[in-house]
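Visitor: I've got a model open and a pile of labels to check. Can you walk me through how each one is earned?

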Amino acid sequence: MSVEVRVAVEADAPGIRRLFARVFGAEMSAEEWDWKFALNPDGWLGTVAVRDGEIVGNYAGWAMRFHLEGEERLLYSVGDVATDPSARGLGGRVYRSMADAFYEIVQSRGVPFCFGFPNARALEISHRIVRSRTLLPIRERHVPCGFFPGAPPDAGAGDFVAESFDPLWEEASRFLAEAAVRDRARANWRFHARPNRYYRMVWRERAGRLRGWAALSVVGDRALVADFLSESSDGADLPDLFAAAAAVAARLGASRLVFWETGGGPGARVIEGLGGKVSEAGFPLIVRSFDDAAADHFARVGHIVPALYDVV
């Protein structure tokens, strides 16, 4: 059985989407593919396995710009991994060849680590073949919307952010030393342009500029706080922002805000102090690292939020 492993190109999209349909039982739409890869402001990287002109394997990561120790770096979130059942009889060689080619390119680009949030089966395979490691478990904090006071008078909400967002990101980026870059272009790409998800953005606004911002993903009675920005390095302004988020979430039918516990950033102590119920998310944050110190530092002090996970 002859299989070629090579770097994925844009023209491979239909074949990769057909592969996803065979493996996962549902095809990624062309619009979702374009949003996640072709229109990603930070780009993407993938390797594919091809047999007789058909793609039978895919190993891909969507790129994300991060501040790491105050320096802007490129990372890849790995998750779109699939091998056709007809190619699995090769004893893992297809998967390993795609992964090896992917990480060889990543390392040549100076990427300190790649990350992902695998389920139990994918975790075992990744650790065994890719030599990834678990960085930390993901824990959720569930806080009833009724816990929060009413929304502050400067609260607002919408589906996208405009120029008034820019000063907030400029201020927040000064102290977010370990966090994804969340400027206006990336905020709107992540939370407004996605074709198959709806997010509601919440903010506080005074004197023509945003003073805090959060993005909510509401499903049933859960309002997941996918990301947020504070003007204050200690998060002193976040309780009012979260109160505004709780009010919007309740109007959308949710009964609770759900946060990820985070090691650092302005929300770490604030979220811990909210009380509520803590539960395991059911998946960890793992890394394939070329700079272990950088990955470990990110785990300790990073602004770790659900928006890092493409399933959210």
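Guide: Happy to. Keep in mind that this is a predicted model. Let's begin with C114, which comes out at 2% relative accessibility.

Visitor: What makes C114 count as buried?

Guide: The label needs a relative accessible area under 20%. C114 has 2%, so it counts as buried. C145 gets there too, with 11%.

Visitor: How many disulfides are there?

Guide: Zero. To be called a disulfide, a pair of cysteine sulfur atoms has to lie within 2.5 Å, and the count by that rule comes to zero.

Visitor: On to charges. How many salt bridges does the rule give?

Guide: The count is 27. One of them joins D84 and R22.

Visitor: Why is the D84 and R22 pair called a salt bridge?

Guide: The cut-off is 4 Å between a side-chain nitrogen of Lys or Arg and a carboxyl oxygen of Asp or Glu. For D84 and R22 the N to O distance is 2.5 Å, so the pair passes. D84 sits in the loop between strand 4 and helix 3 (93-108), while R22 belongs to helix 1 (residues 13-24), so the salt bridge ties together parts that are 62 residues apart in sequence.

Visitor: Are D84 and R22 buried or exposed?

Guide: They get separate labels. D84 has a relative accessible area of 8%, so it is buried. R22 has 37%, which lies between the 20% and 50% limits, so R22 is partly exposed. The two also belong to a salt-bridge network, whose members are R18, R22, E54 and D84.

Visitor: What makes D154 and R204 a salt bridge?

Guide: Their closest N and O atoms are 3.1 Å apart, and the limit is 4 Å, so the label holds. R204 is in strand 9 (residues 200-206) and D154 is in the loop between strand 6 (133-144) and strand 7 (155-158), so this pair ties together parts 50 residues apart in sequence. Both R204 and D154 are buried.

Visitor: Which arginine has its closest N and O atoms 2.9 Å from D154?

Guide: R206, and that pair is a salt bridge as well. It links distant parts of the chain, with D154 in the loop between strand 6 and strand 7 and R206 in strand 9, 52 residues apart. D154 is at 14% relative accessible area, so it stays under the 20% limit for buried. R206 is at 38%, so it is partly exposed.

Visitor: How do you know that strand 3 and strand 4 pair?

Guide: Pairing takes at least two bridges found by DSSP. Strand 3 (residues 54-68) and strand 4 (residues 71-83) have twelve, so they pair, running antiparallel. In that pairing, A63 stands opposite Y76. The hairpin of these strands has two residues between them, and E69 there takes a positive phi near 50 degrees.

Visitor: What about strand 4 and strand 5: how many bridges join them?

Guide: Two, and the strands run parallel. The rule asks for at least two, so strand 4 and strand 5 (residues 113-116) pair. One of the partnerships is S77 with F115 in strand 5.

Visitor: Why does a positive phi get flagged?

Guide: Most residues other than glycine have a negative phi. D52 has a phi near 50 degrees and is not glycine. A207 has a positive phi of about 55 degrees, and isn't a glycine either.

Visitor: Where are D52 and A207, and are they buried or exposed?

Guide: D52 is in the loop between strand 2 (44-51) and strand 3. A207 is in the loop between strand 9 and strand 10 (209-219). The exposed label needs over 50%; D52 has 78%, so it is exposed, and A207 has 76%, so it is exposed too.

Visitor: What makes the link between D42 and R186 a polar contact?

Guide: The limit is 3.5 Å between N or O atoms. The side chains of D42 and R186 are joined at 2.6 Å, so the distance fits. D42 lies in the loop between helix 2 (30-38) and strand 2, and at 16% it counts as buried. Beyond its neighbours within four places in sequence, D42 is in contact with A63, M64, R65, L74 and R186.

Notes
Residues numbered from 1 in each chain as written. Predicted model: local features only at pLDDT ≥ 70, side-chain atom pairs only at ≥ 80, totals over all residues. Heavy atoms only, no water. Helix = DSSP H or I, 4+ residues; strand = E, 2+ residues; numbered from the N terminus. Buried < 20%, exposed > 50% of the residue type's maximum accessible area, 1.4 Å probe, protein only. Polar contact = N/O pair within 3.5 Å; in protein donor to acceptor, adjacent residues only side chain to side chain. Contact = heavy atoms within 4.5 Å.
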